[in-house]
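Student: Pick one part of this model and take me through it closely. Keep it quick, and give the cut-offs as you go.

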Amino acid sequence: MSYEEFEALALPISIFALVAFMGFIVWDLAKKSKAGRWGTAVLFFALGLGVLGFVIKAVILGSVEG
């Protein structure tokens with residue numbers, strides 16, 4: 001396996017792991033702060049917007065470069 005193949009495989013997996021870990025952190029924060037259903041939904045919505053922004057940025061930059 002070449003370095004480029006490893007990088008192409010490791011980067012998406014690493015990003016997914018970081019996003020999943022952030023989701024766990026938000027869930028734990030909501031649980032410890034007793035945010036309730038509405039507060040938990042708002043926290044995850046804010047996290048989802050950040051992840052969505054990252055994906056949209058990648059798509060836009062990919063379409064401009066390609």
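Tutor: Buried means under 20% relative accessible area, exposed means over 50%, and partly exposed lies in between (1.4 Å probe, protein chains only). The model is predicted, so local features need pLDDT of at least 70 and side-chain atom pairs pLDDT 80 or more, while totals for chains, interfaces and linings use all residues. Numbering starts from 1 along each chain as its sequence is written, and side-chain values use heavy atoms, with hydrogens and water left out.

Let us follow helix α1, then step past its end. Helix α1 covers residues 3-32. Helices here are DSSP runs of H or I, at least four residues, numbered from the N terminus.

Begin with the rings. Two aromatic pairs turn up in a search of the whole structure. The first to look at is Phe 21 with Phe 24, a stacked pair. Their ring centres are 6.5 Å apart, and the planes meet at 25°. (Rings of Phe, Tyr and Trp, the last by its six-membered ring, pair with centres within 6.5 Å; planes under 30 degrees apart are stacked, over 60 edge-to-face, the rest tilted.) Why can these two residues meet along one helix? Phe 21 and Phe 24 are three residues apart in helix α1, so about one helical turn separates them. Phe 21 has a relative accessible area of 47%, so it is partly exposed. Phe 24 is partly exposed too, because its value is 45%.

Phe 24 also pairs with Trp 27. This pair is tilted, with 35° between the planes and 6.2 Å from centre to centre. The spacing is again three residues within helix α1, which means about one helical turn between Phe 24 and Trp 27. Trp 27 counts as partly exposed because its relative accessible area is 41%. Put the pairs together: Phe 21, Phe 24 and Trp 27 make up one aromatic cluster.

Now the charges. Side chains of opposite charge can pair when their charged atoms come close. The rule used here asks for a side-chain nitrogen of Lys or Arg within 4 Å of a carboxyl oxygen of Asp or Glu. By that rule there is one salt bridge. Its partners are Asp 28 and Lys 32, and their closest N and O atoms lie 3.4 Å apart. Both residues sit in helix α1, four residues apart, so about one helical turn separates them. How do the two partners rate for accessibility? Asp 28 is partly exposed, because its relative accessibility is 22%. Lys 32 reaches 64%, so it is exposed.

Next comes the loop between α1 and α2, where Lys 34 is found. Lys 34 is not a glycine, yet its phi is positive, about 55°. Its relative accessibility is 75%, so Lys 34 is exposed.

Beyond the loop, helix α2 takes in residues 36-65. Leu 52 belongs to helix α2 and is partly exposed, because its relative accessible area is 46%. Val 55 is also placed in helix α2. Its relative accessibility is 43%, so Val 55 is partly exposed. One distance ties this helix back to the salt bridge residue Lys 32: C-alpha to C-alpha, Val 55 and Lys 32 are 29 Å apart, with their positions 23 residues apart in sequence.
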